[in-house]
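Thanks for coming, everyone. I would like to walk you through one structure today, going from the overall fold down to one residue, so please keep the picture in view while I talk.

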Amino acid sequence: MGLDALHPRVLKELADVIGEPLAIIFENSWRSGEVPDYWKKANVVPIFKKGKKEDPGNYRPVSLTSVPGKIMEQVLKESILKHLEERKVIRNSQHGFTKGKSYLTNLIAFYDEITGSVDEGKAVDVLFLDFRKAFDTVSHSILASKLKKYGLDEWTIRWIGRWLDRRAQWIQWLHV
């Protein structure tokens with residue numbers, strides 16, 4: 001269920017009725033660059049994974065946001081990825097945020113490359129970096145200039161800027 005108390009199943013079951021009005025709302029938001037404030041709010045809740053419930057490490061954070069906002073975000077993401085793939089911006093070695101690839105496919109490709117080099121008698125050095133918080137510090141103006149450099153249209157760049165501006169989140173605590 002989304003932050004707006006709207007279950008995605010409702011939109012799916014009413015797609016015939018609500019699809020066209022939502023498309024109009026999305027188109028107007030994209031063209032005007034206006035992003036509703038409630039699309040930019042998130043309630044972060046802990047979801048239990050496994051193990052002892054008393055251990056905070058056994059929970060993962062899930063961000064509950066507006067369902068229509070998620071849909072709009074997904075529509076733009078697909079469009080941007082298609083644009084970047086057509087322009088050959090995304091290399092085959094890219095695994096994160098790429099359909100059909102994951103940390104696991106990245107790990108397999110890495111392992112294959114390293115073992116192949118070792119088998120050939122080559123020297124191998126490995127450096128691990130943790131970019132977990134990297135996206136929290138991305139400059140919005142630098143991101144916008146990169147998107148422009150790769151040929152994204154002004155509407156999409158402006159919409160993303162507004163989407164990122166003044167986002168808000170809060171954490172819902174559970175008492176175990």
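**From the whole chain to one serine**

Buried residues make up 21% of the 176 residues in this protein, and I should say at the outset that what you are looking at is a predicted model. In terms of secondary structure, the protein has six helices and three strands, and if you follow the chain from the N terminus, the elements come in the order α-α-β-β-α-α-α-α-β. The radius of gyration is 20 Å, whereas the globule rule gives 16 Å for 176 residues, so the protein is more spread out than a compact globule. Along the principal axes, the C-alpha atoms fill a box of roughly 60 × 50 × 35 Å.

Turning to contacts, if we take those in the protein with a separation of 6 or more, 62% of them are between residues 24 or more positions apart. As for the surface, the protein exposes about 13700 Å², of which carbon and sulfur atoms supply 58%. On the charge side, there are 28 positive and 23 negative side chains, and the centres of these two sets lie 2 Å apart.

Now to the single residue. Is Ser 29, which sits in helix H2, residues 15–32, buried or exposed? Its relative accessibility is 5%, and because buried means under 20%, Ser 29 counts as buried. And which residues does Ser 29 touch, once we leave aside its neighbours within four places in sequence? Ser 29 is in contact with Glu 34, Val 35 and Trp 39, and also with Met 72 and Trp 159.

Definitions and conventions. Residues are numbered from 1 along each chain as its sequence is written. This is a predicted model: local features need pLDDT of at least 70, side-chain atom pairs count only at pLDDT 80 or more; totals for chains, interfaces and linings use all residues. Side-chain values use heavy atoms; hydrogens and water are left out. Helices (H or I, at least four residues) and strands (E, at least two) are DSSP runs, numbered from the N terminus. The radius of gyration is taken over C-alpha atoms; the globule rule is 2.2 Å times the number of residues to the power 0.38. Buried means under 20% relative accessible area, exposed over 50%, partly exposed in between (1.4 Å probe, protein chains only). Contact means heavy atoms within 4.5 Å. Accessible areas come from the Shrake-Rupley method with a 1.4 Å probe; for residues, only the protein chains shown count as cover. Lys and Arg count as positive and Asp and Glu as negative; His and the chain ends are not counted. The place of a charge is taken as NZ of Lys, CZ of Arg, CG of Asp or CD of Glu.
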